[in-house]
Amino acid sequence: MHIFLPDAPGPDGVGVVKRAGLFGRGAAREASAPVDAASRLADFGYLEPREVYLDAACQSLRPQPVIDAVDEYYTSYNACGGRVKYAWGKRVDEEVAATRSAVLDRLGLSARSHAVSFTLNTTYGINLLLQQLPQGRFGRIVTSHAEHNSVFLPTMTAAKRLGLPRLVLDRAPDGALIFDPAQLERAVVVVNAASNIDGSTLTNLAGLVRETHARGGIVILDAAQAMAHEHALLRGTDADAICFSAHKTYGASLGVIVTRLELLRSLEIGFVGGGMVTDVREDSFDLVTDDPGALLEPGLQAWGEIIALGRALDWLGHVRPGGLSPRDHIESLSGRLFEGLSAIPGLVVLNHGASPVISVYAPKQDSHRLAVFLSQQQIMVRSGYFCAHHELKERLGLPPLLRFSLGLHSTSADIDRAHDALARLLKGLS
């Protein structure tokens with residue numbers, strides 16, 4: 001018998017399990033849209049035939065054009081940006097500017113209203129914003145239970161620094177934030193646009209932003225899981241800041257912050273360094289005014305990684321795995337993955353439906369042990385709590401989980417191998 005988490009929490013706030021019927025594996029596969037997986041995208045040709053990487057929610061594999069871009073930077077024009085006048089540096093500046101434009105283009109935003117800043121990762125970006133918010137402007141900080149630690153922890157420290165109450169809200173099964181508009185009064189709302197537990201998206205994003213702005217608040221989005229395959233949700237959003245990681249968007253390791261200029265200029269900048277100033281005196285300095293993105297970029301930047309992100313976004317705009325758009329390819333594989341995992345007897349699936357990120361566990365088995373056994377068959381999946389300890393461990397009381405997450409390198413053959421291996425493993429251990 002298969003167990004699913006509920007559509008709503010029980011009276012004590014902890015999910016009550018319900019049972020669903022078990023359906024045959026063959027029928028599940030017939031229900032999936034066909035995907036041509038006989039040949040993997042050539043841009044991931046470096047993978048060995050039997051290597052199955054299902055941890056793209058941690059970091060996506062990099063297609064060959066991105067790898068080539070990093071290699072070209074380090075071997076052909078390895079210069080600093082924004083600091084030098086020779087030809088290599090000029091090319092770096094041009095490439096970095098092109099990447100900033102590509103980020104805004106993908107989000108449907110304009111440089112007239114938004115700035116793009118580069119940093120270490122999503123967590124770093126969220127901290128940079130929250131720890132420099134102005135004193136006295138806001139009345140509370142709002143987040144949700146189902147957040148990655150990159151959101152959950154910084155909202156704690158920011159609330160303490162600003163002396164504000166912190167409100168933690170529920171998410172609906174479809175990912176919507178459940179709120180009363182009065183709770184958004186002068187609020188700093190920090191939530192994910194897509195979950196790294198089950199891939200559910202912030203389906204009421206537009207309404208959340210509208211209601212928050214109407215009450216003098218701001219919305220900061222953790223878009224780490226959304227930028228690669230759910231960017232349509234983000235396009236043209238009025239959110240005040242969007243933070244994401246290039247390494248989950250087929251780029252090299254890098255963080256990105258896209259900030260509305262009004263928010264950026266209101267920050268009490270306290271994390272400063274070279275590249276952010278136009279002049280320095282013994283006891284004072286002048287911040288840049290003509291390049292607002294630099295206000296969140298102290299010190300030397302990761303030029304090669306920034307350039308590689310530009311290549312990744314260009315690649316995402318043109319690649320057609322199996323003749324499908326990236327989103328259609330992922331959706332088709334997601335259905336196959338969900339149905340196959342749902343057909344394994346005794347496996348608990350947290351997801352309410354198909355998603356590129358699916359978390360499961362077997363009540364009688366240790367997930368870390370299962371991950372090791374799968375690894376011995378060259379099948380790579382994540383085990384643990386995925387930096388969502390509060391929701392999974394404290395609130396729902398779950399054991400460590402297994403997480404399967406898809407990328408554009410994934411094929412139906414990968415999914416079938418993972419299904420078959422896990423089913424055989426659980427049968428052998430029972």
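Biologist: Is R281 buried, partly exposed or exposed, and at what relative accessibility?

Modeller: This is a predicted model, and the state of a residue follows from its relative accessible area. Buried means under 20% and exposed means over 50%, with partly exposed in between. R281 therefore counts as partly exposed, at a relative accessibility of 38%.

Biologist: Which residue meets the side chain of R281 in a salt bridge?

Modeller: The nitrogen-to-oxygen distance in this pair is 3.0 Å, and a salt bridge requires such atoms to lie within 4 Å. The partner counts as partly exposed, with 31% relative accessibility. The residue that meets R281 is D286.

Biologist: Which residues are joined into one network by salt bridges that share partners?

Modeller: The structure holds 16 salt bridges. Some of them share partners, and one network arises in this way. Its residues are E72, R91, E95 and R311.

Biologist: About how far apart along helix 3 are R91 and E95?

Modeller: The side chains of R91 and E95 meet in a salt bridge of 3.5 Å, N to O. R91 is partly exposed, at 28%, whereas E95 is buried, at 14%. Because both belong to helix 3 (residues 87–107) and are four residues apart, their separation is about one helical turn.

Biologist: How many residues apart in sequence are the parts tied together by R100 and E297?

Modeller: A salt bridge of 3.0 Å, N to O, links the side chains of R100 and E297. R100 lies in helix 3, while E297 lies in the loop between strand 12 (285–287) and helix 9 (303–318), so the pair ties together parts that are 197 residues apart.

Biologist: Are R100 and E297 buried or exposed?

Modeller: The cut-off for buried is under 20% relative accessible area. R100 has a relative accessibility of 19%, and E297 has one of 6%. Each of these two residues counts as buried.

Biologist: Which element gives the most residues to the largest nonpolar core?

Modeller: The largest nonpolar core has 84 residues, of which V258 and F404 touch the most other members. One element contributes nine residues to this core, and that is the most given. The element is helix 9.

Biologist: Which residues are in contact with F404, leaving aside its neighbours within four places in sequence?

Modeller: F404 is one of the two residues that touch the most other members of the largest nonpolar core. Its contacts, with neighbours within four places set aside, are L54, L337, L341, P356, V357, I358, V360, V381, A418 and L422.

Biologist: How many residues does the second, separate core hold?

Modeller: This core is separate from the largest one. Among its members are I141, C243, L263 and A294. The second core holds 30 residues.

Biologist: Which strands are the edge strands of the seven-stranded open sheet?

Modeller: The strands of this sheet follow the order 4-10-9-8-7-5-6, with mixed pairing. An edge strand here pairs on one side only. The edge strands are strand 4 (114–119) and strand 6 (166–169).

Biologist: What angle does the direction of helix 6 make with that of strand 8?

Modeller: Strand 8 (residues 218–222) runs parallel to strand 9 (residues 241–245), and three bridges join them. Helix 6 (residues 205–214) packs on the sheet and touches strand 7 (187–192) as well as strand 8. The angle between helix 6 and strand 8 is about 150°.

Notes
Residues are numbered from 1 along each chain as its sequence is written. This is a predicted model: local features need pLDDT of at least 70, side-chain atom pairs count only at pLDDT 80 or more; totals for chains, interfaces and linings use all residues. Side-chain values use heavy atoms; hydrogens and water are left out. Helices (H or I, at least four residues) and strands (E, at least two) are DSSP runs, numbered from the N terminus. Buried means under 20% relative accessible area, exposed over 50%, partly exposed in between (1.4 Å probe, protein chains only). A nonpolar core is a set of buried Ala, Val, Leu, Ile, Met, Phe, Trp, Tyr and Cys residues joined through side-chain atoms within 4.5 Å. Contact means heavy atoms within 4.5 Å. Two strands pair if DSSP finds at least two bridges between them. Axes are lines fitted to C-alpha atoms, for helices over the stretch in contact, and angles run from 0 to 180 degrees between N-to-C directions.
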